[in-house]
Each structure stands twice: as C-alpha cells, then as structure tokens.
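I opened this entry to keep track of what I looked up, going from the overall fold to single residues.

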Amino acid sequence: RAVISGAYQISRSKMLRLASVLVAGATALQAPRQPLSTAPSWLQAATLEQPPATSKDLLPRERYVASNRFKTRGGKAAARFEARWANRKSRLAELEGFRYFSLFREVPVEDVVGPRGAAAMGGDPPQYNYMSFTIWNEKKDFNAWRKGDAFKEAHGGTSIGAFLKAMVSSLKVLKGPPSPVFFDGLLHLAAPPKQIGETEGGWRVVEADGKNLLEAENFVAANRFTVREGAEAAFEERWAQRDSGLADLPGFKSFTMLRRDAKTKGHSEKKGEADKFGDDFNYMSFTVWEDRDAFMGWRNSQSFKDAHSSGPKKDEGAPKQPPPWVKPPSVVFWEGVLELTGADGA
C-alpha cells in the first residue's frame with residue numbers, strides 16, 4: 001500500500017526508512033552541547049574554523065556566505081516552497097554578524113537577454129531553481145547561528161516531531177534534498193542599507209498563500225567561473241584591478257566575488273565526489289540590483305563596456321597567455337524574494 005498526499009506518493013517502506021533517517025538527524029540536532037565531531041559530516045566541515053586561504057597571494061575574505069540550493073517539483077510546488085519560507089519562524093536579522101538574506105529563484109537567461117544573447121553567453125543553466133543566500137560578517141557568526149536555537153527554530157522547531165513534520169513537508173515540494181555550498185566573499189561592495197517591506201522579530205512579514213509566487217524584490221546577475229588550479233591569485237588580482245564604477249550606478253545594491261570554500265561539502269557528499277548539482281565552478285561574481293531594469297541600464301552603459309574591455313594592449317611579441325579558466329564562464333540570473341538587510345547593510 002502507499003501513503004498518498006495530493007499528487008505526491010511514496011511507499012510505506014520508503015516512508016519508514018526515511019523516518020528512521022530523519023529521527024536520527026533530529027536526535028543529533030537535539031543533543032545538548034554535542035562535540036562538533038558528532039555532527040553530520042556536511043555540517044562538521046562547514047563549521048570547522050579554517051583560514052580563508054592557504055596562499056598569501058589570495059585576497060582576504062571580507063564576508064562569509066552560506067547558501068543552500070533547491071530543486072522544486074512542478075505545478076504549485078514553487079509557490080508552496082516560497083510560502084514555507086515566508087511563514088517560517090526566524091529571527092535572522094537579530095543575530096550577531098548577520099548582514100543580508102534573500103531567497104533567489106532562477107530567471108532563464110533568454111528571458112532577460114533574448115535567445116541570441118543567451119546563445120552568445122553560453123553555459124548551462126543550473127540544475128536547481130532556488131537558492132537561499134545569507135551573508136555573514138564572519139565565518140564564526142555563521143557557526144554561532146548553526147549551533148544555536150535560532151537554527152533549530154528556522155528548520156522546523158526544537159522538537160523531533162516538529163523537525164519530522166518539516167522534513168516530510170519538504171518532500172512534497174522538492175525533488176530530492178537540498179545541497180548547501182559556502183563561499184568566501186571577496187571585494188565586497190554595498191550601497192547604504194535600505195530595508196524593503198515590513199519586518200517583525202528579525203524576519204520578513206509577507207503575505208504568502210502558497211498558490212502565487214511572491215513579488216520579486218531584487219535582481220541578480222551572476223557569472224560562474226571554473227578557474228584552473230594555480231591561476232586563482234591572478235584571477236583575483238585581475239578583478240581587484242577592475243574599475244567598474246558600480247557604486248555610482250542607479251539601482252546598484254551590492255557586489256561580491258564569491259570564492260568557493262572547497263573544504264566544505266554538502267548533504268551526503270563525500271570528499272572527492274562530484275557536486276550534487278553538477279556545479280564545478282569555484283568562483284562566481286554576484287551583483288544584486290534593485291530590479292531588472294537597473295541591471296539592463298548598467299548593461300547598456302559605458303561602465304559596462306569599460307568593465308568588460310580587454311584591458312591594456314599586450315606587446316606584439318609577447319607570448320599569448322591562456323585564460324585563467326578551464327572552460328568559458330557561465331551566466332545565470334536570479335530574482336530575489338524575502339530580502340532582509342542587517343542594520344549595517346550587506
């Protein structure tokens with residue numbers, strides 16, 4: 001026999017096996033003052049204090065970014081997923097070191113720049129369609145949140161029953177479990193803080209009925225790079241020397257060059273295994289705009305042309321240098337909902 005909920009169906013034997021796994025996970029979250037070594041491997045890796053870079057040539061970390069990637073089912077699953085986030089219990093904005101949060105949903109590249117523009121940009125779209133994105137001042141601030149009650153509250157509550165309910169509910173809207181990814185934030189630049197919408201108790205107050213998608217509150221243009229080993233310092237220096245003029249442009253909110261924290265792994269991922277969603281990039285330029293029009297205004301501006309110029313001419317006899325990446329960069333666009341900004345800005 002099967003347990004049926006709407007269009008979702010799962011066998012009783014699978015449900016029992018799943019429940020046993022979830023209970024074990026919930027029990028681990030419940031244990032008071034557990035040593036870090038007993039935490040799930042993906043969380044353990046994410047919370048070990050490590051230097052931001054092993055090479056003195058790499059740029060210092062200015063922010064720490066924790067992200068989680070999700071793939072929703074069809075139909076109204078996306079709207080239900082957004083409603084779950086909107087109606088969850090959270091006091092994120094009240095936590096020490098919090099700077100910025102938004103839940104991003106993918107916007108197809110061709111919807112923004114048209115089919116010809118999408119073909120010119122190349123690259124493959126991500127295999128997930130939502131991404132939570134939290135900027136912390138320091139990695140230790142993220143660690144403190146992960147180990148505190150605020151983390152448990154945001155993920156279903158402090159009881160095993162509440163945790164199970166939240167996890168089973170996730171199965172109805174998601175295709176498989178989420179997969180976190182972590183970044184060092186470099187070259188961070190942000191406009192003065194400006195909170196959108198109403199907040200209460202450290203979280204957004206938004207009407208979400210689970211039937212309609214939430215209204216977009218920002219727009220993100222990101223470029224993903226797979227930089228070859230040994231070229232990281234030169235790649236970072238190249239970006240550090242750019243004169244983009246972003247801060248002076250209307251609608252600009254923030255920019256961060258994200259360097260993947262490769263020492264962390266996602267859910268059920270083991271050392272040496274491929275990324276769950278096939279993301280092999282290790283850098284991502286990440287620019288948040290007030291809306292799509294602001295991004296398009298920049299894209300058609302002289303600032304865009306200057307930022308994407310080929311740079312100073314090389315000597316004719318100089319040997320041609322290979323690009324720092326192993327394959328062409330890949331563009332992705334997002335629009336954000338539930339934007340939350342800390343008192344000090346992103």
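Before anything else I fixed a term: I count two residues as in contact when they have heavy atoms within 4.5 Å of each other. I also noted that this is a predicted model.

With that settled, I looked up Phe 81, leaving out residues up to four places away in sequence, and found that Phe 81 touches Phe 70, Thr 72, Leu 103, Tyr 130, Val 173 and Leu 174.

**Entry on the barrel.** I then asked which strands close into a barrel, and in what order. There are eight of them, following one another as S3-S5-S4-S12-S9-S11-S10-S6, with antiparallel pairing. From one strand to the next, I read an average twist of 30°. I took one pair for a more careful look: strand S4, residues 98-107, runs antiparallel to strand S5, residues 130-136, and seven bridges join the two. Within this pair I marked Leu 103, which stands opposite Ser 132 in S5.

**Entry on the cores.** Next I looked up the largest nonpolar core, which has 29 residues, and noted that Phe 81 is among those with the most contacts inside it, together with Trp 85, Leu 92, Phe 101, Trp 136, Trp 145 and Leu 338. Which elements give two or more residues to this core? I listed strands S3 (63-70), S4, S5 and S12 (330-341), along with helices H3 (77-86), H5 (139-147) and H6 (149-154). Helix H3 gives the most, with six residues. I also recorded a second, separate core of 26 residues, which includes Val 113, Phe 235, Phe 255 and Val 331.

**Entry on Thr 72.** I returned to Thr 72, one of the residues that Phe 81 touches, and placed Thr 72 in the loop between S3 and H3. Is this residue buried or exposed? I count Thr 72 as buried, because its relative accessibility is 5% and the cut-off for buried is under 20%. The side chain of Thr 72 makes a polar contact of 2.8 Å with the side chain of Asn 129. Beyond four places in sequence, the contacts of Thr 72 include Ala 78, Tyr 130 and Lys 175.

**Entry on Ala 208.** Last, I looked up Ala 208, which lies in the loop between strand S8 (203-205) and strand S9 (218-225). Ala 208 is buried too, with a relative accessible area of 18%. I noted that Ala 208 and Ala 83 are 125 residues apart along the chain, while their C-alpha atoms are separated by 5.0 Å. Setting aside neighbours within four places in sequence, I found Ala 208 in contact with Ala 83, Ala 86, Asn 87 and Leu 214.

Definitions and conventions. Residues are numbered from 1 along each chain as its sequence is written. This is a predicted model: local features need pLDDT of at least 70, side-chain atom pairs count only at pLDDT 80 or more; totals for chains, interfaces and linings use all residues. Side-chain values use heavy atoms; hydrogens and water are left out. Two strands pair if DSSP finds at least two bridges between them. Helices (H or I, at least four residues) and strands (E, at least two) are DSSP runs, numbered from the N terminus. Axes are lines fitted to C-alpha atoms, for helices over the stretch in contact, and angles run from 0 to 180 degrees between N-to-C directions. A nonpolar core is a set of buried Ala, Val, Leu, Ile, Met, Phe, Trp, Tyr and Cys residues joined through side-chain atoms within 4.5 Å. Buried means under 20% relative accessible area, exposed over 50%, partly exposed in between (1.4 Å probe, protein chains only). A polar contact is a pair of N or O atoms within 3.5 Å; within protein, one must be able to donate a hydrogen and the other to accept it, and residues adjacent in sequence count only if both atoms are side-chain atoms.
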